Amino acid sequence: MTIEELERKFQDRIDAEEKIEAKDWMPEEYRKTLIRQISQHAHSEVVGMLPEGNWVTRAPNLKRKAILLAKIQDEAGHGLYLYSAAETLGVERDSLIDDLHSGKAKYSSIFNYPAISWADMGAIGWLVDGAAIMNQVALCRTSYGPYARAMVRICKEESFHQRQGYDILLSLSRGNAAQKRMCQDAINRWWWPSLMMFGPNDAHSPHSAQSMKWKIKRVSNDELRQRFVDMTVPQCEILGMKLPDDKLKWNPERGHYDFGEIDWSEFNNVLKGNGPCNKERLADRLNAHLDGAWVREAAMAHSEKRARRTA
Ligand SMILES: [Fe+2]
Ligand SMILES: [Fe+2]
């Protein structure tokens with residue numbers, strides 16, 4: 001078969017909603033796009049543990065601490081499923097991790113913002129995990145089988161993450177004046193970065209059209225962002241808090257909330273590595289990797305020993 005015939009057959013399968021599996025023929029660009037997207041996603045799960053890890057020892061009580069620990073462990077698991085999914089495309093996990101540590105690979109910019117109060121654990125769970133779910137629910141139907149299946153499992157855990165975050169804010173919003181202030185302050189700081197998580201506006205999203213055609217991406221950035229806003233506004237009302245956007249208003253004609261313009265210069269600046277915590281996060285990640293070297297060595301030694309014994 002010629003390459004054109006292979007490509008046509010491939011697109012026919014996508015159009016027929018068939019899943020593409022690891023051993024199937026696929027265009028090189030499809031493979032590359034997936035490796036980039038899945039590894040970026042894996043890196044985000046892993047780096048995402050860092051701002052929350054800082055709060056484990058400062059959680060206000062044992063129950064909150066246990067919940068936060070479980071949530072952070074889930075994120076490590078998400079990273080592992082996703083690295084495995086990326087490996088089915090013929091890349092080595094070590095090389096993906098090297099790219100993260102060298103700064104060549106990206107992770108979600110949201111994790112370059114600081115978590116400065118306990119309320120941030122609530123705002124991260126509610127808004128950041130909430131935005132992640134919006135994206136990930138759509139990815140459960142992505143065309144690449146191993147990625148889609150990883151997402152199904154991840155989404156179940158993400159909804160627990162979102163609820164635990166909301167529950168933290170609900171407690172604070174019913175607390176004393178200082179707790180209410182803390183709650184509002186965290187929402188003020190995390191709202192706009194959460195909206196940025198969906199990426200550039202559709203008109204400025206260079207890879208989107210091809211990804212939509214290949215059904216890697218099923219819903220556009222702007223549509224996902226709108227769904228997130230529509231879902232979050234009523235939840236914020238229950239908290240009795242305010243989202244920091246004067247333009248936020250229900251539009252009965254559209255059947256959606258209108259909202260203000262995102263500060264794209266901030267988005268691009270953080271993306272370029274100049275956010276408040278970019279350097280700190282990368283350094284912490286690298287140190288965590290180096291600290292874990294003995295675990296990896298011990299696991300290798302154990303597996304060699306077992307292989308020798310069976311031989
Ligand atoms: Fe996650
Ligand atoms: Fe999560």
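**Exercise 1.** What spacing do the donors of the iron ion (ligand 1) follow along the chain? Identify these donors and describe the site.

*Solution.* The structure is a predicted model.

Step 1. Four residues of the protein supply donors to the iron ion (ligand 1): Glu45 (OE), Glu75 (OE), His78 (ND1) and Glu158 (OE). They lie 2.0 to 2.2 Å from the ion.

Step 2. Along the chain, the donors of the iron ion (ligand 1) follow the spacing E-x29-E-x2-H-x79-E. Distant parts of the chain are thereby linked: glutamate 45 belongs to helix 2 (residues 28–47) and glutamate 75 to helix 4, and the two are 30 residues apart.

Step 3. The angles among the four donor atoms run from 84 to 151°. A tetrahedral site would require all angles to lie between 85 and 135 degrees. The site of the iron ion (ligand 1) is classed as irregular.

**Exercise 2.** Which residues are the protein donors of the iron ion (ligand 2)? Establish how this site is related to the site of the iron ion (ligand 1).

*Solution.*

Step 1. The iron ion (ligand 2) has as its protein donors Glu75 (OE), Asp129 (OD), Glu158 (OE) and His161 (ND1), at 1.9 to 2.2 Å.

Step 2. The site of the iron ion (ligand 2) is irregular, with angles of 88 to 167° among its four donor atoms.

Step 3. The two iron ions are 3.3 Å apart, and glutamate 75 coordinates both. Because glutamate 75 lies in helix 4 (residues 62–87) and histidine 161 in helix 7 (residues 145–173), the pair ties together parts that are 86 residues apart in sequence.

**Exercise 3.** Are glutamate 75 and histidine 161 buried or exposed?

*Solution.*

Step 1. A residue counts as buried under 20% relative accessible area.

Step 2. Glutamate 75 has 5% relative accessibility and therefore counts as buried. Histidine 161, with a relative accessible area of 0%, is buried as well.

Step 3. Glutamate 45, a donor of the iron ion (ligand 1), is also buried.

**Exercise 4.** How many residues does the largest nonpolar core have? Describe the contacts of tryptophan 190.

*Solution.*

Step 1. The largest nonpolar core has 78 residues. Tyr30, Ile38, Tyr144 and Trp190 are those with the most contacts inside it.

Step 2. Helix 6 (residues 118–139) gives the most to this core, contributing twelve residues.

Step 3. Leaving aside neighbours within four places in sequence, tryptophan 190 is in contact with residues including Ile110, Tyr113, Ala123, Ile124, Leu127 and Val128.

Step 4. In soluble globular proteins, nonpolar side chains tend to be buried together.

Key:
Residues numbered from 1 in each chain as written. Chains lettered and ligands numbered in written order. Predicted model: local features only at pLDDT ≥ 70, side-chain atom pairs only at ≥ 80, totals over all residues. Heavy atoms only, no water. Core = buried A, V, L, I, M, F, W, Y, C linked by side-chain atoms within 4.5 Å. Buried < 20%, exposed > 50% of the residue type's maximum accessible area, 1.4 Å probe, protein only. Helix = DSSP H or I, 4+ residues; strand = E, 2+ residues; numbered from the N terminus. Contact = heavy atoms within 4.5 Å. Donors = N, O, S within 2.8 Å, 3.2 Å for Na, K, Ca; no water. Tetrahedral: all angles 85-135°; square planar, octahedral: opposite > 155°, others 65-115°.
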